[in-house]
Structures are given as structure tokens and as C-alpha cells.
Amino acid sequence: MNFKSILLLLFFYAAIACSQQKESEVKAVSPNSVNFTTEIVVPELNIPWGMVFLPDDSMLITEKEGKLIHFKDGVKATLNGLPDIYVRGQGGLLDVELHPDYKNNGWIYFSYASAEGDGNGGNTAIMRAKLKDNTLVEKEFLYKAGPNTTKGQHFGSRLEFDNNGFLYFSIGDRGNRDENPQNITRDCGKIYRIHDDGRIPKDNPFVNESNVKTAIYSYGHRNPQGMVKHPETGEIWTNEHGPRGGDEINIVKAGKNYGWPVISYGINYSGSTFTEITEKEGMEQPLFYWVPSIAPSGMAIVSSDKYPDWKNNVLVGSLKFQYLERLVLKNGMVVKREKLLEGMGRLRNVKQGPDGYIYVAIEGVGIVKIIPQK
Amino acid sequence: MRIIVFIITLVLTNSCNILTQKENTKDVAFAKSIDRGALIYTDFCVTCHLPNGTGVNKVFPPLAKSDYLFEKREASIRAVKYGQKGEIIVNEITYNNIMTPLGLTNTEISDVMNYITNTWGNTNDNDDNC
């Protein structure tokens, strides 16, 4: 081998080393046997982005195109009184959630893309309202991210209450990764925390800094579209879309920086890189990262006794590979990943219902209940 | 006579010039439309149809070398404008997924159509703007 070819070989290796991504160590596998059946409980939905169960066993379901559906006794009613919704790209009517004391106060929370405010385009907004005779009433505008943009990506939008009654919500970087996620004077690329009526909590991490968006709870996020309160610890868990590779599970902590786009396990869609590093001091490591990306949406942690083998497992929908991923954790590490409901369609959302059963929302199919076999 | 020939030649040459100029303006506008379309593609389409337009087998149909895109142009434009639901067959493979309406303006739709029909080996001289 002459000098030239050695050089060439070295160059080749270097090129490979640069473009190579570190795959997730634990790979997703199909189960050996399946001990459950499925039943479509709400048929014929397009993109059921959000869903929530009301105390009378009926359901509220959001369709991304801008419809809020009340499903009761087998009948779908489309509710009136929604605000104007900016339907563009990934934006539309997004998540829906109930106040922890819904039984007494009737507050329904929802997130949506809105063109409200200055500038062309839209951004994520949060509103609460009550339901009266199939119409939303007493609407209160709680938050609106700015500035508006015609970009089609990354509205985030999952909603979740914690045990202290704080409302958390996610807003993605809105396709502006270089300006938004690392800058706390700007909206987008953040997890937010507010009171149930929209006030900013006095103990939010950045309340004492000037010019910052004080509703911010954590930053450096790309596009979190899964959020759930851990049934045992009460912590807020999220999952977020990476670009090509680099989807993440994070436990959200006050004031922390989750690194996007300074650190990432992902690369650009085109295959080029935007960062060489996956960790940095002052930036949080994800609890788990996916390479390749599964395009995670929705998140549930099993706490009911209906599925003894799945207790405390994390369930995440995969839009890209069209299955429900079951992640088994041991000492805070993912040790097993299983593919459930393969081939049923793009899995948008997953929740554990008040009856303890797992419900998933599948695009073009509807809401599907997972029934364990005795 | 000579003068007449001269005048005719002059007129013809000039009209040719005018025609070429018109062609050029059209080409420039077309190229600009394709450039704008590329940005729209990165914003709205790339996550599913991928940078090389190949899509994902059986999940997201390809745009590169897609028989559907070229044979069913109107249905393709309709899909971009109003969304697409239900079974379609692209390059002999059946796809049955949902693409929601993207909320693009008509100009944005023609820009992105010009881009996808003139990229990845696809060619289409017919400017969808004109």
C-alpha cells in the first residue's frame, strides 16, 4: 500500500466517523406473543391529535383540521365556539386536557395554532373554556407564543397538570432552531408552567430576570409532542422529535437547558450535521434517545392493574414506523423496547383512561382500546 | 427594394429579441418559483417525503419518479391544497394514509409543485404558475 492510498483510506474513515450516528443501544423488537386484543371505540377519525375522558365516560377529541368532538353514547357531536384556528403545516387544533378539579369547575384546556397578534403567520396558543349545550363558553385566553411565523413546523402543544395544580405545556422551536430554543427572551423551543388561570407562578425559574418570557420552565427543546405526569413520582415526563435521529425522552426540571440544537444525537434531514457534540456541561442529557427516529407522539406511563406485565412502562406512539412503543425501564435506564399494534397506522396519541385501560389514537382509524386477555 | 428588405430584417430581428426577452423573463420567474418551492418543501413536506423525494415505502408515497405525480397532476395539486385521504397507487404500490390540508396559498402550491416536478430527475417545463 503506498502513501497515497493510506491517506485516502484515512480520509475515508474520517468521513465515515463524522457522518456516523450512534444508534440507540436498546433496539425495538416485536413481541414473541401478544396477550391482548384491540377494539375500536371511536371510529373514523382523521388526525385525532388530543383526547381526554370526561367523568361521565364520554370523551373530548381534537381533530387537527380544527374540530372539537364530543363523543358520547356512541355519537360524535362537533362542538361550537372554538376560537379561529390557524391550520397550516403541523398547526391546527392540537391537545385537550381537563382541570384536575374539572368535576367542580368545568374548565377544559386546549392548545392550538393561532394567528392572533402582530405579524403574518401563527404560533401556539393556550385557551380554557367551559362546555354548555355543545358550545364552548367563558373562553379565557391564557398564553400565546410570539412572534407569528408562516413556518409550518414544531408547534409542540402537549398539555399536562402536575400534582400541585400547575399547567405545563410545550411549544416547539417553530422551525427556527438557531434563534429560539436557546434564548429565554424568546418564545418557542420551551416547556412552560403557568397557574390554571394563566398567571405566572412566583417560583418559576426565570421570574427574576428582566426581558425573559417568565412562563418558561425549561428550554433547549425541539418539538415536544408527548407529555405525562409520572403516576408515582409526579414528575413531568416529555418526549420530543429530533431531526433525523435524536428523538428524546426527558424529565422536565426547573430552569434546565435540554441542549437543542447545541447538543443532539440527530443530524439534518439531508444527512449533513449541525453539531458535532452530544453532551455539554450545563446541558441535560436525555433519559433516552432514539436513533433512528421513531417520530414520537403522545406518552403514557402504565399505572393500572389491567396490565400487570406493563406496570410503570412508558408507552409512546410512533408516527414514522406506525406502532406503539413500550419501553421498560430499570434504575432510570431503558432496558427493553417492544413494538405493539404494528401496522395499524400512524400512532398519534396514547393515554391511560380513568378505567385503567390504555387508549391509543391512530390516524385514519380512530380511538383504539387495548384489552388484555385473561 | 433594398430598404424594404432592410426594414423587414430589422423588424424580424427586433421581434425575435422581444420574444427571447419574454422567454428569459419567464425562465427567471420559473427558476424563482422553484427556489421558493424548495423552501416550502423543507418546511412542509420533507419530514414525510424525505430530502430525496423517495418517501417511505408503503407509508409515504414517493415524489421522485412518481407515476402518480405525472399522470394525475390535478389530483396531486388537489392533494396539496385540500389534503389526501384514502387509497392511492403510486409506482404500483398501494398507499393508504392521511395528509391533512397544509394551509398553503395558491402561489405557494404552484411553487412547491414546480419544485417537486423539476427535482430528483423529475422534469416539467410547464410552469404551474403560467
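Helices and strands are DSSP runs, of H or I over at least four residues and of E over at least two respectively, numbered from the N terminus. Two strands pair if DSSP finds at least two bridges between them.

This is a predicted model, in which local features need pLDDT of at least 70 and side-chain atom pairs count only at pLDDT 80 or more, while totals for chains, interfaces and linings use all residues. Residues are numbered from 1 along each chain as its sequence is written, and chains are lettered from A and ligands numbered from 1 in the order in which they are written.

**View 1. Strand β13 of chain A with its two partners, β12 and β14.**
Let's start with a covered strand. Every one of the five residues of β13(A), which runs from 190 to 194, is buried (20 or more other C-beta atoms within 10 Å of its own; exposed means 12 or fewer, partly exposed in between, with C-beta atoms placed from the backbone). Lys190(A), Tyr192(A) and Ile194(A) sit on one side of the strand, with Ile191(A) and Arg193(A) on the other, and both faces are covered. In a regular strand the side chains alternate between the two faces of the sheet. To find the first partner in the view, look for β12(A), residues 167–171, which runs antiparallel to β13(A) and is joined to it by five bridges. Leu167(A) in this pairing has Ile194(A) as its bridge partner. The other partner is β14(A), residues 216–219, antiparallel again and held to β13(A) over three bridges. Here Tyr192(A) faces Ile216(A) across the pair.

**View 2. The largest nonpolar core, seen around Val360(A).**
A nonpolar core is a set of buried Ala, Val, Leu, Ile, Met, Phe, Trp, Tyr and Cys residues joined through C-beta atoms within 7 Å. Which residues touch the most other members of the largest core? They are Tyr192(A) and Val360(A), out of 81 residues in that core. Two residues are in contact if their C-beta atoms, placed from the backbone, lie within 7 Å. Once neighbours within four places in sequence are set aside, the contacts of Val360(A) include Gly317(A), Leu324(A) and Leu341(A). Leu347(A), Asn349(A), Val350(A) and Val368(A) are also on its contact list. A separate core of 12 residues has Leu69(B), Leu104(B), Val112(B) and Tyr115(B) among its members. In soluble globular proteins, nonpolar side chains tend to be buried together.

**View 3. The open sheet β2-β25-β24-β23 of chain A.**
Four strands make up this open sheet, and their pairing is antiparallel. Its edge strands are β2(A), residues 36–43, and β23(A), residues 347–352, each of which pairs on one side only. Next to β23(A) comes β24(A), residues 358–362, with five bridges joining the antiparallel pair. A handy landmark in this pairing is Gln352(A), which stands opposite Ile358(A) in β24(A).

**View 4. The open sheet β15-β16-β17-β18 of chain A.**
This is another open sheet of four strands with antiparallel pairing. β15(A), residues 224–229, and β18(A) are at the edges with a single partner strand each, so one side of each has no neighbour in the sheet. Strand β17(A), covering residues 247–251, pairs with β18(A) over three bridges in the antiparallel sense. For a residue to pick out, try Asp247(A), whose bridge partner in β18(A) is Trp290(A).

**View 5. Ile294(A) in the loop after β18(A).**
Is Ile294(A), which belongs to the loop between β18 (288–290) and β19 (296–301) of chain A, buried or exposed? Ile294(A) counts as buried because 25 C-beta neighbours lie inside 10 Å. Beyond four places in sequence, Ile294(A) touches Asp247(A), Ser318(A), Lys320(A), Phe321(A) and Glu325(A). Leu319(A) is 25 residues from Ile294(A) along the chain, yet their C-alpha atoms are 6.8 Å apart.

**View 6. Chain A and chain B where they touch.**
In this contact, chain A supplies 17 residues and chain B supplies 12 residues. Behind the chain A side are two helices and 25 strands, and its C-alpha trace spans about 85 × 55 × 35 Å along the principal axes. In chain A, 45% of the 374 residues count as buried. Contacts between residues 24 or more positions apart make up 56% of those in chain A with a separation of 6 or more. Chain B has four helices and two strands, arranged as α-α-α-β-β-α along the sequence. Of its 130 residues, 25% count as buried. Among contacts in chain B between residues at least 6 apart in sequence, 58% link residues at least 24 apart.
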